[in-house]
Amino acid sequence: LVIEAQREDWEGSAFSSASLHTKGKASFTHARVEVRAKLPRGRGLWPAIWMLGDNWHEVGWPTCGEIDVMEFVGHEPGVVHHNVHTGDFNHMRGNGRGTRIPLAGASDAFHVYAVEWDRERMVFAIDGTPTFTVANDGGGIGTWPFDAPFFLLLNVAVGGSWGGQQGIDETVFPQRMTVDWVRVWERR
């Protein structure tokens, strides 16, 4: 799978790209999700592998929960991020739960980005090495909405509140996120 961001006039925007999701097709509860991908490079790009609660349209963000398996902002080329957002913990409140992982060559080679979660904890990994853990603190749905189905999203954003913080380098286009495979194991 190739998601390509291009510099072109598209329906009133200066760039085009894509966001693919499994909403209405496949959702997962207490699962392991792995995606082998090579990321685009360039200031202003913001590729992500992430998940939202199926109830997103009913309860809104961040109440539905968000699992960021991998986020990469082009102005930080040697770092990937894992983040978890909930009603009680999110970047809008300034108390988001996440981490930065040094990863040289995220745009030069394929890496496997993964998350596995159950009722007790969520463990993120890169290339099979655990990199970040979030524990269920028992605070209820406000802190742990992850006992319900989540759907997967893959996208390459151009600009945005985080990706575009330092502007967009228009000379880097086109750029691609190349996905070799997506694998999901769900606990029964």
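# Contacts, exposure and salt bridges in one chain

Trainee: What share of the contacts in the chain with a separation of 6 or more comes from residues 24 or more positions apart?

Mentor: Residues 24 or more positions apart account for 69% of those contacts. A contact here means heavy atoms within 4.5 Å. The model is predicted: local features need pLDDT of at least 70 and side-chain atom pairs pLDDT 80 or more, while totals for chains, interfaces and linings use all residues. Residues are numbered from 1 along each chain as its sequence is written, and side-chain values use heavy atoms, without hydrogens and water.

Trainee: How many helices and strands does the chain have, and what makes a run count as one?

Mentor: The chain has one helix and 14 strands. They are DSSP runs, numbered from the N terminus: a helix is H or I over at least four residues, a strand E over at least two.

Trainee: How do you know whether the radius of gyration agrees with that of a compact globule?

Mentor: The rule, applied to C-alpha atoms, is 2.2 Å times the number of residues to the power 0.38. For 188 residues a compact globule would be near 16 Å, and the chain has 16 Å, so the two agree. Along its principal axes the C-alpha trace spans about 50 × 35 × 35 Å.

Trainee: Why is H30 called buried, and why is E11 called exposed?

Mentor: Buried means under 20% relative accessible area, exposed over 50%, and partly exposed in between (1.4 Å probe, protein chains only). H30 has 11%, and therefore counts as buried; E11 has 73%, and therefore counts as exposed. Of the 188 residues, 46% count as buried.

Trainee: What else is recorded for the backbone of E11 and of H30?

Mentor: E11 is not a glycine, yet its phi is positive, about 50°; H30 is likewise a residue other than glycine, with phi near 50°. E11 lies in the loop between β1 and β2 (13-16), and H30 in the loop between β4 (27-28) and β5.

Trainee: What makes R176 and E4 a salt bridge?

Mentor: A salt bridge is a side-chain nitrogen of Lys or Arg within 4 Å of a carboxyl oxygen of Asp or Glu. The closest N and O atoms of R176 and E4 are 2.7 Å apart, and the pair forms a salt bridge. R176 is in strand β14 (residues 175-186) and E4 in strand β1 (residues 2-10), and the pair links parts of the chain 172 residues apart. R176, at 46% relative accessibility, is partly exposed, and E4, at 23%, is partly exposed.

Trainee: Why is the pair of E170 and R7 said to tie together parts of the chain?

Mentor: Their side chains meet in a salt bridge at 3.1 Å, N to O. E170 is in the loop between β13 (150-158) and β14, whereas R7 is in strand β1, so the pair joins parts 163 residues apart in sequence. E170 has a relative accessible area of 44% and is therefore partly exposed; R7 has 38% and is therefore partly exposed.

Trainee: What makes R41 partly exposed, and what is D108 called?

Mentor: At 40%, R41 counts as partly exposed; D108, at 52%, is exposed. The side chains of R41 and D108 meet in a salt bridge of 2.5 Å, N to O. R41 belongs to the loop between β5 (31-38) and β6 (45-53) and D108 to the loop between β9 (97-102) and β10 (111-117), so parts 67 residues apart are tied together.

Trainee: How many salt bridges does the rule give, and which residues are linked in a network?

Mentor: The count comes to ten, and R32, E34, E116 and R187 are linked in a network.

Trainee: How do you know that the peptide bonds before P62 and P174 are cis or trans?

Mentor: Omega from W61 to P62 is near 10°, and the bond is cis; omega from F173 to P174 is near 0°, and the bond is cis. P62 is in the loop between α1 (56-59) and β7, and P174 in the loop between β13 and β14.

Trainee: What makes G78 partly exposed, and which residues does G78 contact?

Mentor: The relative accessible area of G78 is 32%, which means that G78 is partly exposed. G78 is in the loop between β7 (66-71) and β8 (79-85). Leaving aside neighbours within four places in sequence, G78 is in contact with I101, P102, L103 and A104.
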